[in-house]
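Hi everyone, and thanks for making room for me today. I'd like to walk you through a structure you may not have met before, so please have a look at it while I talk.

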Amino acid sequence: PHVRAAYVPDTLTGLRIFADHAVWLDDPDAPPTQRYKPFATDAGADAYRTNHPQAAAIGYAASTASWW
C-alpha cells in the first residue's frame with residue numbers, strides 16, 4: 001500500500017508532526033514498541049539524549065521499517 005502521509009506525536013510535546021519530517025532516535029533501552037522516538041526539532045532530540053545517551057539518530061526509513 002502507498003502511504004501518502006503519516007503523523008507521529010513529538011516525543012516531548014505530543015505535537016503531531018509529519019513522520020517523514022521528524023528527527024528520529026532509536027532508544028535501545030525503551031520497550032520494544034516505544035523504541036523509535038520522533039522529534040519535531042534537532043533541539044528536542046538533543047534534549048532527550050541528555051537523559052538517554054544511548055539513543056542514536058536514525059533515518060525515517062529505518063524508523064518505519066517495523067511498521068510494515
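**Starting from one aspartate**

At 43% relative accessibility, Asp46 counts as partly exposed. Before I go further, please keep in mind that this is a predicted model. Now, which residue does Asp46 form a salt bridge with? The partner is Arg49, and the closest N and O atoms of the two are 3.6 Å apart. Both residues belong to helix H1, where 3 residues, about one turn of the helix, separate Asp46 from Arg49. Arg49 is partly exposed too, with a relative accessible area of 29%.

How many salt bridges does the structure hold? There are 2. In the other one, the side chains of Arg35 and Asp26 meet, at 2.6 Å from N to O. Here the two partners sit in different settings: Arg35 has 32% relative accessibility and counts as partly exposed, whereas Asp26 is buried, at 13%. Buried here means under 20% relative accessible area, so Asp26 with its 13% falls on the buried side.

**The sheet**

Asp26 takes us to strand E3, which spans residues 23–26. Let me show you the sheet around this strand. Three strands make it up, in the order E4-E3-E5, and the sheet is open, with antiparallel pairing. Which strands are at the edges? They are E4, residues 36–39, and E5, residues 56–58, and each of them pairs on one side only. From one strand to the next, the twist averages 40°.

For anyone new to sheets, a word of background: strands pair through backbone hydrogen bonds, and the pairing is either parallel or antiparallel. In our case, E3 is joined to E4 by 4 bridges and to E5 by 3 bridges. If you'd like to find the partners on your screen, look for Leu25, which stands opposite Ala57 in E5.

Helix H1, residues 42–51, packs on this sheet. The helix touches E3 and E4, and its direction makes about 20° with that of E3.

Are the faces of E3 covered or open? Both are covered: Val23 and Leu25 on one side are buried, and so are Trp24 and Asp26 on the other.

**A closer look at Trp24**

Let's stay with Trp24 for a moment, in strand E3. Its relative accessible area is 3%, so Trp24 is buried. On the E4 side, Trp24 stands opposite Pro38, and in E5 the bridge partner of Trp24 is Ile58. There is also a link in space to Ala45: the two residues are 21 apart along the chain, yet their C-alpha atoms are separated by 7.6 Å.

**Gly44 in the helix**

Back to helix H1, where we find Gly44. Gly44 counts as buried, because its relative accessibility is 10%. Which residues does Gly44 touch, leaving aside those up to four places away in sequence? They are Leu12 and Phe39. Thr13 is 31 residues from Gly44 in sequence, and the C-alpha atoms of the two are 9.1 Å apart in space.

**The aromatic rings**

My last topic is the rings. A search of the whole structure finds 2 aromatic pairs. One is formed by Tyr7 and Phe18, with 5.0 Å centre to centre and 25° between the planes, and this pair is stacked. The pair links distant parts of the chain, 11 residues apart: Tyr7 is in strand E1, residues 7–9, and Phe18 is in strand E2, residues 16–18. Tyr7 is partly exposed at 46% relative accessibility, and Phe18 is partly exposed at 38%.

The other pair is Phe39 with Tyr48: the ring centres are 5.4 Å apart and the planes are at 50°, so this pair is tilted. Why tilted? Planes under 30 degrees apart count as stacked and those over 60 as edge-to-face, with the rest called tilted. Are Phe39 and Tyr48 buried or exposed? Both are buried.

One more thing about Tyr7: Arg16 lies over the face of this ring, at 4.5 Å from the ring centre.

That's my tour. Thank you for listening, and I'm happy to take questions.

Terms used. Residues are numbered from 1 along each chain as its sequence is written. This is a predicted model: local features need pLDDT of at least 70, side-chain atom pairs count only at pLDDT 80 or more; totals for chains, interfaces and linings use all residues. Side-chain values use heavy atoms; hydrogens and water are left out. Rings of Phe, Tyr and Trp (its six-membered ring) pair if their centres lie within 6.5 Å; planes under 30 degrees apart count as stacked, over 60 as edge-to-face and the rest as tilted. Helices (H or I, at least four residues) and strands (E, at least two) are DSSP runs, numbered from the N terminus. Buried means under 20% relative accessible area, exposed over 50%, partly exposed in between (1.4 Å probe, protein chains only). A charge sits over a ring if NZ of Lys or CZ of Arg is within 6 Å of the ring centre and within 35 degrees of the ring normal. Two strands pair if DSSP finds at least two bridges between them. Axes are lines fitted to C-alpha atoms, for helices over the stretch in contact, and angles run from 0 to 180 degrees between N-to-C directions. Contact means heavy atoms within 4.5 Å. A salt bridge is a side-chain nitrogen of Lys or Arg within 4 Å of a carboxyl oxygen of Asp or Glu.
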